[in-house]
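This report walks through selected strands, helices and single residues of one model. Keep the structure in view while reading.

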Amino acid sequence: MSQRYVASEKLLERALKAIPLGSQTFSKSMTQFPHGVSPYFAKKAKGAQIWDVDGNEYIDFINGLLSISIGYANDDINNAVKAQLENGVTFSLSHSLEVEVAEKLIDLVPCAEMVRFGKNGTDSTSAAIRLARAYTKKDIVLVCGYHGWQDWYIGSTSRSLGVPEVTRSLTKVFKYNDLQSFDQLIHDYKDQIAAVIMEPMNVEFPQAGFLEHIREVTKNEDIVMVFDETITGCRFSPGGAQQLFNVTPDLATFGKGIGNGFPLSAVMGRKDIMVLMEDIFYSGTFAGETSSLAAANVVLDKVKNDKVCDYIAELGEYLIANLKDLIDKQDLQKVVRVVGHPSWSFITFSDCGNATSLEIKTLYMQEMFKHGILSFGSHNLSFSHTKEHIDALLKAYNEFFVLLKRSLGNGDITAQLDCDVLVPLFKVR
């Protein structure tokens, strides 16, 4: 047992007896954090920093899987939530915050004419698919990206255990920036497709005309176009990727950062589609829970008035430019790449000689954690990150690249590991 992570690993032993995988979320579990060199349990967090149960301090570049957009324990948000707690959280009647936050989303998001809330991204993407099927009276769904755990989507991935084949057969996958794969599905399932749901961007920027072509085809074929902006909403721009790329879908889903860690998501879009919420069944006791709405009320004001997205993008551009310089300095361009939007970028690894990409990623995580950087390969920036935080990250990267270069030259990547190599969960991007 690592002396650095004694409390985390003891708590993990307890958790594994009570909780499958010892965690409520796959991406926070031991499947994603190599055992023996990783923290598993947090104690507290503030701003852009987090402390594990062993007292180790990190600059956090995971940020609650992108749910922390403003920063941990932000005073303005916390004060709004505390004030709401004094008056109650869940009521027997609707609350005015439901109207206020919906109106703010309508003001920010190009496609939004009406809004309904949920608690996580899966709630809202699944609602969007049910709306699309109700509106078009068709069944097939085309997907591109990650859209949650419900049967209609997860059945199209390698994590399909427990999903009936009849459900799996209704979802078809096309590749991002590959119009041929999209057009082929449009041809093969003509007049059967209810919805195209996609992340408007994840790892790659859209190629010229890609999103526009899908928008045109969906209009012509009576298909509801859904942008899953669970991550990109209020991050790529105040109105999401649809605002950034000037392509307006019929429906969109927002989540993650709109509550700055408080559980909230939203499905929004054209009124003529959204009014079908009155006929389909999409209803949850806690959808109008007011602590999350009080948080979102403040977050959306900050996004609109404080240039949150511009600030995060500027930091991300600084990070990417300097990170590419470090990669070039060590001549690692064939092994290491930086991709993605400045506010949500990724470092990716390729196989090199006898070293696999997963071996390199495992070494990366081991070394980053040692240097007080919490990351599993992405740079999920928040409004609380500073240039000093980015410089600390770059310093850790520089030391890792030196080690990586030497280890690749010696052919001893695994000899540098104090843990087993990671096993992939499943690939969706």
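Asp228 stands opposite Thr253 in strand S9. The model is a predicted one. The pair belongs to the junction of strand S8 (residues 224-229) with S9, a parallel pairing over 4 bridges.

**Strand S9 and its partners**

S9 also pairs with strand S10 (residues 265-269), here in the antiparallel sense and again over 4 bridges. In that pairing Leu251 stands opposite Gly269.

Is S9 covered on one face or on both? Both faces of S9 (residues 251-254) are covered. Leu251 and Thr253 are buried on one side, Ala252 and Phe254 on the other. In a regular strand, side chains alternate between the two faces of the sheet.

Phe254 has a contact outside the strand: Val109 touches it. Val109 sits in the loop between helix H4 and strand S4 (114-118). Its relative accessible area is 2%, so Val109 counts as buried. Gly239, Gln242 and Met268 are also touched by Val109, leaving aside residues up to four places away in sequence.

**Contacts across the sequence**

Two residue pairs bring distant parts of the sequence together in space.

| Pair | Separation in sequence | C-alpha to C-alpha distance |
|---|---|---|
| Val109 and Gln242 | 133 residues | 8.1 Å |
| Phe286 and Phe91 | 195 residues | 9.4 Å |

Phe286 is in the loop between helix H11 (271-274) and helix H12 (290-305). Residues up to four places away aside, Phe286 touches Thr90 and Lys119.

**Helix H3**

Helix H3 spans residues 75-85, and Ile77, Val81 and Gln84 are buried in it. Why do the buried residues line one face of the helix? Seen down the axis of H3, they fall within an arc of 60 degrees, so they share one face. An α-helix has 3.6 residues a turn, so residues three or four places apart point the same way.

What does this buried set pack against? The buried residues of H3 pack against helix H4 (96-108) and H12. At the start of H3, a side-chain oxygen of Asn74 comes to within 3.1 Å of the backbone nitrogen of Asp76.

**The three-stranded sheet and helix H15**

Further along the chain is an open sheet of 3 strands, in the order S11-S12-S14. The pairing is antiparallel. Strands S11 (336-341) and S14 (378-380) stand at the edges. Each has a single partner strand, so one side of each is left without a neighbour in the sheet. The twist averages 15 degrees from one strand to the next.

How many bridges join S11 to S12? There are 6 bridges between S11 and strand S12 (residues 344-349), and the two run antiparallel. Within this pairing, Val339 has Phe346 of S12 as its bridge partner.

Helix H15 (residues 387-410) lies across S11, S12 and S14. Its direction is at about 10 degrees to S12.

His389 lies in H15. Is His389 buried or exposed? With a relative accessible area of 14%, His389 is buried; the cut-off for buried is under 20%. Not counting residues up to four places away in sequence, His389 touches Ala48, Gln49, Ile59, Phe61 and Ser384.

How values were computed: Residues are numbered from 1 along each chain as its sequence is written. This is a predicted model: local features need pLDDT of at least 70, side-chain atom pairs count only at pLDDT 80 or more; totals for chains, interfaces and linings use all residues. Side-chain values use heavy atoms; hydrogens and water are left out. Two strands pair if DSSP finds at least two bridges between them. Axes are lines fitted to C-alpha atoms, for helices over the stretch in contact, and angles run from 0 to 180 degrees between N-to-C directions. Contact means heavy atoms within 4.5 Å. Buried means under 20% relative accessible area, exposed over 50%, partly exposed in between (1.4 Å probe, protein chains only). The arc is that of the directions from the helix axis to the C-beta atoms. A polar contact is a pair of N or O atoms within 3.5 Å; within protein, one must be able to donate a hydrogen and the other to accept it, and residues adjacent in sequence count only if both atoms are side-chain atoms.
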